[in-house]
Amino acid sequence: MSHNQAVRKRPRNGARRRAADSLVFSFLSAADVVEARLEAALSPTGLSLAKLAVLHLLADAREPLPLSDLAARQHCVRSNITQLMDRLEKDGLVRRRADPSDRRSVLAELTAAGEHAHAKGVRALAEAQRAIVSALKAGEATSLRNALSALKS
């Protein structure tokens with residue numbers, strides 16, 4: 001094959017690559033839109049997805065958790081959890097207390113207001129999720145779920 005013939009064939013590979021890039025960027029764009037909708041749904045509750053995630057971890061644990069555990073469960077560094085805890089504590093949703101078994105550790109626990117905010121946030125999030133899924137045509141949700149599952153394997 002001559003050099004010119006090879007060059008003429010490149011657009012086909014380039015077109016495939018552009019189509020793949022376009023699809024991947026479509027996934028990312030859709031994820032951004034979904035995240036924005038979820039954040040908007042939570043906004044009236046005074047929560048963000050990050051705040052609700054921490055409240056959810058504390059509610060599920062049903063006991064105070066060390067900040068280091070929260071950071072690990074959120075897959076972030078401890079300084080991020082500290083800043084998030086500062087905001088949650090300022091909002092009256094959590095409180096920090098010393099860990100009686102380890103004086104170097106600080107525990108986070110939900111307040112009554114935090115429990116209420118968590119329940120309200122979970123309801124708002126569930127409603128937003130239902131609205132997002134209901135925007136899909138019949139069968140699209142299943143197809144999308146299958147496609148996303150295939151990407152995870």
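**Exercises: salt bridges, a buried aspartate and a pocket**

Glu89 and Arg96 form a salt bridge, with their closest N and O atoms 3.1 Å apart. The model is predicted, so to speak of local features pLDDT must be at least 70, and side-chain atom pairs count only at pLDDT 80 or more, while totals for chains, interfaces and linings use all residues. Residues are numbered from 1 along each chain as its sequence is written, and side-chain values use heavy atoms, with hydrogens and water left out.

**Exercise 1.** Find which residues are linked with Arg96 in a network of salt bridges.

*Solution.*
- Step 1: recall that a salt bridge is a side-chain nitrogen of Lys or Arg within 4 Å of a carboxyl oxygen of Asp or Glu.
- Step 2: the side chain of Asp86 meets that of Arg96 at 2.3 Å, N to O. Asp86 belongs to helix 4 (residues 78–90) and Arg96 to strand 2, so this pair ties together parts 10 residues apart in sequence.
- Step 3: add Glu89, and the network consists of Asp86, Glu89 and Arg96.
- Step 4: check accessibility, where buried means under 20% relative accessible area, exposed over 50%, and partly exposed in between (1.4 Å probe, protein chains only). Asp86 at 40% is partly exposed, as are Glu89 at 33% and Arg96 at 25%.

**Exercise 2.** Work out what surrounds Asp99, a residue of strand 2 (residues 94–99).

*Solution.*
- Step 1: helices (H or I, at least four residues) and strands (E, at least two) are DSSP runs, numbered from the N terminus.
- Step 2: Asp99 is buried but has no salt bridge; Arg97, the nearest side chain of opposite charge, is 6.8 Å away. For charge, Lys and Arg count as positive and Asp and Glu as negative, leaving out His and the chain ends.
- Step 3: look at Ser101, whose side chain makes a polar contact with that of Asp99 at 2.8 Å. Such a contact is a pair of N or O atoms within 3.5 Å; within protein, one must be able to donate a hydrogen and the other to accept it, and residues adjacent in sequence count only if both atoms are side-chain atoms.
- Step 4: leaving aside residues up to four places away in sequence, Asp99 touches Ser105 and Leu107, where contact means heavy atoms within 4.5 Å.

**Exercise 3.** Describe how the protein chain is built.

*Solution.*
- Step 1: count 6 helices and 3 strands.
- Step 2: read along the sequence to get the pattern α-α-β-α-α-β-β-α-α.
- Step 3: note that buried residues make up 24% of the 153 residues.
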